[in-house]
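Dear colleague,

I am handing over the structure that I have been looking at, and I would be glad if you could open it beside this message and follow along residue by residue.

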Amino acid sequence: MNFRRSTIIMIFIAWVLSFDTMAQVKEGIYNEKFRPQIHFSPPSKWMNDPNGLVYLDGEYHLFYQYNPNGNTWGPMHWGHAISKDLVYWQHLPIALYPDEHGMIFSGSAVYDENNTSGLGTAENPPLVAIFTYHDSEAKKSGEEDVQSQGIAFSTRGRSWTKFSQNPVLSNSGRPDFRDPKVIWVNNKWVMSIAVKDKIQFFSSPNLINWTFESDFNPEWANYEGVWKCPDLFPLTLPSGEEKWILLVSVISGGPQKGSATQYFIGDFDGKTFTTDLSQIRWLDYGADNYAGVTWSNIPDADGRRIFIGWMSNWYYAQKTPTSPWRSAMTLPRELKLIGTDKKFALKSSPIDELNKLRKTSQYKYGSVISLEEPLVELELVPELNDFSISFSNIKGEIVTLNKSGDDLSFDRSNSGKVDFQNGFGAVHHVALEGLDIYQVQIFLDNSSQEIFINGGQVTLTNLLFPNESYDKVTLQGFKDKFTLHYLSSIW
């Protein structure tokens, strides 16, 4: 009874706080220093992984790991927002709260169109959220099997009811057993789940009863950090050939030494994922794109595979100089499969809907230009094999993208506030492996820069914390004429 009373009190307080933060948004709190203006961020408090991405009835649902009690990691809930276009967002009250089974860690959501779960009706099929329970009290006691999988259901995604017989997938001694991503394949549900240093696949006819199918952990993959946040889905080449993609995030050991997302390309028969590739591939070569997953149930008429990631890095995520919120999401991106045979690769492009942010567009000429506003999109065409582009401000702070031969580097060592974590100001390097660069697109927000090379063949996402907005761009090695868009805020 004491647990039930405390849970009810906690839910009531969080409910009040949710509405209070929505009221604050209406009052215009989204103008704090470093507050993202073209990226999703919570009104206040801590946010990390995107969760439960699902589309239904014209709305994209974004759930996310959320601590309503502070702006560092803590007791995890699922925060909630919706959008009709993946650009402008409406905040909703917290969707899922911790309970007697533990905190609510990362997971996914699906539209159970055929009501296989029996949690809805034929007339009103349910949305079903699949998430990881984390029992922090058991963890403190030294137990290892502290994570299990639970589900909750909803008709429209506004209010959620947890399944009375949770958990639906128990743990059998595994210290990391988390982040279920579910997809409908061959007339059954398939769950990809991260188990420390491997991905395990389970299947179910109804989202409730699960059967183990196989493991995936090739010897050559990156194992410097614990595996997390898998996502399995098919993509089709223009030729009509279908391949399967498996995203796997690692908490450390990425291309810039911290958190990142590797991906695998192969085949999936409903039970086992196989790949002929034997080279580590990274979805993003910047420091700040992690734990990203894709939306489910996007209509066939649309057909896109749309991704969003957590725009931070566990190396310093809890120390970034922002308040009263901490963390943002990347811009939404469309994932496409390009290449042939064993040279397949993922291309990650900004979605077309972002074009509606363009407030004014103009051609610019010359190698040095002034920026009149802080929210900017640039479209550039290199003229020389080697090039550089720098953003600077009146305080002498500067951030530079430089290409020299086969090396692409990103230097934020003097970009503004960098001393909150040793190593934040390190210079990042990307080996281009002979890639010919013919186009560079850059989105500049108040505290980030996202760079798309050749429409997303190579991407770099990086946080920046300048003490004053960058107001000058200096170019070398680009064609004299380029396009500058000033962008409007999403808030």
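Below I describe two asparagines and then the strands that follow the second of them.

Please keep in mind throughout that this is a predicted model, and that the distances and accessibilities below are computed from it.

Let us begin with N171, which you will find in the loop between β8 (161-162) and β9 (178-185). Is N171 buried or exposed? Its relative accessibility is 15%, and because buried means under 20%, N171 counts as buried. Two backbone atoms lie beside polar atoms of its side chain: the backbone oxygen of Q147 is 2.8 Å from one such atom, while the backbone nitrogen of G173 is 3.0 Å from a polar atom of that side chain. Q147 appears again when we list what N171 touches, for, leaving aside residues up to four places away in sequence, N171 is in contact with D145, V146, Q147, S148 and F177.

The second asparagine is N393, which sits in the loop between β26 (387-392) and β27 (398-404). N393 has a relative accessible area of 7% and is therefore buried. Which side chain makes a polar contact with the side chain of N393? The partner is the side chain of E397, at 2.8 Å. If we again set aside residues up to four places away in sequence, N393 touches P466, E468, S469, Y470 and D471. To help you find your way between the regions, note that W184 and N393 are 209 residues apart along the chain, and that their C-alpha atoms are separated by 50 Å.

The loop that holds N393 also belongs to a hairpin, formed by β26 and β27 with five residues between them. In the turn of this hairpin, G396 has a positive phi of about 85°. The two strands, β26 and β27, pair in the antiparallel sense over six bridges, and I389 stands opposite L401 in β27.

From β27 you can continue to β28 (residues 407-414), which runs antiparallel to β27 and is joined to it by six bridges. Here S404 stands opposite D407 in β28. β27 and β28 form a hairpin as well, with two residues between the strands, and in this hairpin G405 takes a positive phi near 65°.

With good wishes for your reading

Conventions
Residues numbered from 1 in each chain as written. Predicted model: local features only at pLDDT ≥ 70, side-chain atom pairs only at ≥ 80, totals over all residues. Heavy atoms only, no water. Helix = DSSP H or I, 4+ residues; strand = E, 2+ residues; numbered from the N terminus. Buried < 20%, exposed > 50% of the residue type's maximum accessible area, 1.4 Å probe, protein only. Polar contact = N/O pair within 3.5 Å; in protein donor to acceptor, adjacent residues only side chain to side chain. Contact = heavy atoms within 4.5 Å. Pairing = 2+ DSSP bridges.
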